[in-house]
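Q: I'm new to this one and would like a close look at a single part of it. Could you pick a spot and walk me through it slowly?

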Amino acid sequence: MADNKFTNEDLENLINFASQKMGVDKDKLKDDIKSGKINNSKANEILNDKEKLNALLNSPQVKMLINQLKNKNNNNNSR
């Protein structure tokens with residue numbers, strides 16, 4: 001069975017990508033994630049902007065993470 005856990009490199013890539021799309025410093029974003037203080041207004045801005053959302057969803061990094069989540073879900077359902 002394949003291990004579908006995200007590596008530290010995967011998470012770093014996602015944080016780097018998200019920080020660029022959100023226009024925030026990657027270290028600040030990482031600290032906000034760790035402390036539970038995510039900038040919801042920026043996240044909502046991306047989610048409510050069709051162009052920004054499409055850019056996010058069509059990025060190679062996010063596509064890779066979505067595929068990993070789908071594979072993990074499929075493996076859990078087949079047990």
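A: Let's start with a term: a nonpolar core is a set of buried Ala, Val, Leu, Ile, Met, Phe, Trp, Tyr and Cys residues joined through side-chain atoms within 4.5 Å, and "buried" means under 20% relative accessible area. Keep in mind that what you're looking at is a predicted model.

Now a quick look around. The protein has five helices and zero strands, so its elements, read from the N terminus, go α-α-α-α-α. There are 79 residues, and 19% of them count as buried. If you take the contacts with a separation of 6 or more, 50% of them are between residues 24 or more positions apart.

The part to zoom in on is helix H1, residues 8–22. The largest nonpolar core here has eight residues in all: Ile15, Phe17, Ala18, Met22, Leu29, Ile46, Leu56 and Val62. H1 gives the most to this core, with four residues. As background, nonpolar side chains in soluble globular proteins tend to be buried together.

Next, look at how H1 sits against helix H2, residues 26–35. The two pack at an angle of about 115°, and their axes are 9 Å apart. Angles of 65 to 115 degrees count as roughly perpendicular, so that is the word for how H1 lies relative to H2. The crossing of H1 past H2 is right-handed.

Who meets whom there? On the H1 side you have Glu12, Ile15, Asn16, Ala18, Ser19 and Met22, and on the H2 side Lys26, Leu29, Lys30 and Ile33. Sort the residues of this contact by type and you get five nonpolar, two polar and three charged. Some names turn up again from the core: Ile15, Ala18, Met22 and Leu29 are among its members.

Two residues of that contact deserve a closer look. Ser19 lies in H1, and because its relative accessibility is 7%, it counts as buried. Leaving aside residues up to four places away in sequence, Ser19 touches Val24, Asp25, Lys26 and Leu29. Across from H1, Ile33 sits in H2. With a relative accessible area of 41%, Ile33 is partly exposed. Ile33 and Ile15 are 18 residues apart in sequence, with 9.4 Å between their C-alpha atoms.

H1 has other neighbours too, and these come from further along the chain. Take Asp10, which is in H1. Asp10 is a charged residue type, yet at 11% relative accessible area it is buried. Not counting residues up to four places away in sequence, Asp10 touches Met64, Leu65 and Gln68. Along the chain, Asp10 and Met64 are 54 residues apart, while their C-alpha atoms are separated by 9.1 Å.

Leu14, also placed in H1, is partly exposed, at 30% relative accessibility. With the sequence neighbours up to four places away left out, Leu14 touches Val62 and Leu65. Leu14 and Val62 are 48 residues apart along the chain, and 7.2 Å separates their C-alpha atoms. Val62 is a name you've met before, as one of the core residues.

So, to put H1 together: it packs against H2, it gives the most residues to the largest nonpolar core, and through Asp10 and Leu14 it touches Leu65.

Key: Residues are numbered from 1 along each chain as its sequence is written. This is a predicted model: local features need pLDDT of at least 70, side-chain atom pairs count only at pLDDT 80 or more; totals for chains, interfaces and linings use all residues. Side-chain values use heavy atoms; hydrogens and water are left out. Axes are lines fitted to C-alpha atoms, for helices over the stretch in contact, and angles run from 0 to 180 degrees between N-to-C directions. Angles under 35 degrees count as roughly parallel, over 145 as roughly antiparallel, 65 to 115 as roughly perpendicular and the rest as oblique. A crossing is left-handed if the near helix is turned anticlockwise from the far one by less than a right angle, and right-handed if clockwise. Contact means heavy atoms within 4.5 Å. Buried means under 20% relative accessible area, exposed over 50%, partly exposed in between (1.4 Å probe, protein chains only).
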